[in-house]
Amino acid sequence: RWYALIEALREEEAGCDDEAERARLGLEMVEIYRDRLRLDSMVPSILEPLLDRQPGNVALLDELAAWAERTNHPADLIAALTRKLPLVADGSERLQLQLRVARLYAAGADATCARRAACVPLPEPSIPSNASRRPIAA
């Protein structure tokens, strides 16, 4: 029955000319996928096309950021927050958003360094002693 409701919402959205109404319908579908069907993986496939049409819709960006945080997708979270940055008018809120993005980048860099440290280094290649003294033919 939830899938039938989603299909009805999709049809209504497809025939809708009002962008605000499209966003509302999309958020309803997100809520059903997230809360009723437990299919978080469907959330970006609903939000991204809506954001293509409405890049300044903060509610859609907030929902995308919440999805990325909930499902541990830091790159998607950084992308959503970065898309939201130019839309934030309050200087203090913008600064907090920039600091959050910076912390996410730093956490990613720390994770990369930790992965590199865990790798076993390859041994240095050995060069035969006579090969290093042989002149290169011209």
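In the predicted model, N72 is exposed, because its relative accessibility of 64% lies over the 50% that marks this class. The residue sits in the loop between α4 and α5, the latter helix spanning 74–84, and its phi is near 60 degrees, a positive value in a residue other than glycine. Most residues other than glycine have a negative phi. A positive phi is also found at R38, where the angle is near 55 degrees and the residue is again not glycine. R38 is placed in the loop between α2 and α3 and, with a relative accessible area of 64%, is likewise exposed.

These loops belong to a protein chain that contains six helices and zero strands, so that the pattern read along the sequence is α-α-α-α-α-α. Of the 138 residues in the chain, 28% are buried, and the accessible surface comes to about 9,400 Å², with 57% of this area belonging to carbon and sulfur atoms. Among the contacts in the chain with a separation of 6 or more, 39% are accounted for by residues 24 or more positions apart.

The packing of helices α2, α3 and α4 can be described pair by pair. Helix α2, comprising residues 19–36, packs with α3 at an angle of about 170 degrees, and the axes of the two helices are 9 Å apart. Because this angle is over 145 degrees, α2 and α3 are classed as roughly antiparallel to each other. On the α2 side the contact involves E19, R22, A23, G26, L27, M29, V30 and Y33, which meet V43, I46, L47, L50 and R53 in α3. The residues of this contact divide into nine nonpolar, one polar and three charged.

Helix α3 (residues 43–53) also packs with helix α4 (residues 58–70), their axes coming within 10 Å and crossing at roughly 150 degrees. This pair, too, is therefore roughly antiparallel, and the crossing of α3 and α4 is left-handed. The contact is formed by V43, P44, L47, E48, L50 and L51 of α3 together with L60, L61, E63, L64 and W67 of α4. By class, the contact of α3 with α4 holds nine nonpolar residues, no polar residues and two charged residues.

For α2 and α4, the packing angle is about 20 degrees and the axes are 10 Å apart. With an angle under 35 degrees, these two helices are therefore roughly parallel to each other, and their crossing is left-handed. A23, L27, V30 and R34 of α2 make this contact with A59, L60, E63 and R70 of α4; five of the contact residues are nonpolar, none is polar and three are charged.

Two charged residues that touch each other illustrate how α1 is joined to this arrangement. R22, which is placed in helix α2, has a relative accessible area of 11% and is buried, because this value falls under the 20% limit. Leaving aside residues up to four places away in sequence, R22 touches E13, A14, C16, L50, R53 and Q54; of these partners, L50 and R53 are also among the α3 residues in the contact of α2 with α3. E13 is found in helix α1, which covers residues 2–14, and with a relative accessible area of 13% E13 is buried as well. With residues up to four places away in sequence again not counted, E13 touches R22, L25, M29 and L50. R22 and M29 are also included in the α2 side of the contact with α3, and L50 in the α3 side.

In helix α4, V58 has a relative accessibility of 31% and counts as partly exposed, because this value lies between the limits of 20% and 50%. Not counting residues up to four places away in sequence, V58 touches K84 and L87. V58 and L85 are 27 residues apart in sequence, and their C-alpha atoms are 9.9 Å apart in space.

Definitions and conventions
Residues are numbered from 1 along each chain as its sequence is written. This is a predicted model: local features need pLDDT of at least 70, side-chain atom pairs count only at pLDDT 80 or more; totals for chains, interfaces and linings use all residues. Side-chain values use heavy atoms; hydrogens and water are left out. Helices (H or I, at least four residues) and strands (E, at least two) are DSSP runs, numbered from the N terminus. Buried means under 20% relative accessible area, exposed over 50%, partly exposed in between (1.4 Å probe, protein chains only). Contact means heavy atoms within 4.5 Å. Accessible areas come from the Shrake-Rupley method with a 1.4 Å probe; for residues, only the protein chains shown count as cover. Axes are lines fitted to C-alpha atoms, for helices over the stretch in contact, and angles run from 0 to 180 degrees between N-to-C directions. Angles under 35 degrees count as roughly parallel, over 145 as roughly antiparallel, 65 to 115 as roughly perpendicular and the rest as oblique. A crossing is left-handed if the near helix is turned anticlockwise from the far one by less than a right angle, and right-handed if clockwise. Ala, Val, Leu, Ile, Met, Phe, Trp, Tyr, Cys and Pro count as nonpolar, Asp, Glu, Lys and Arg as charged, and the others, Gly among them, as polar.
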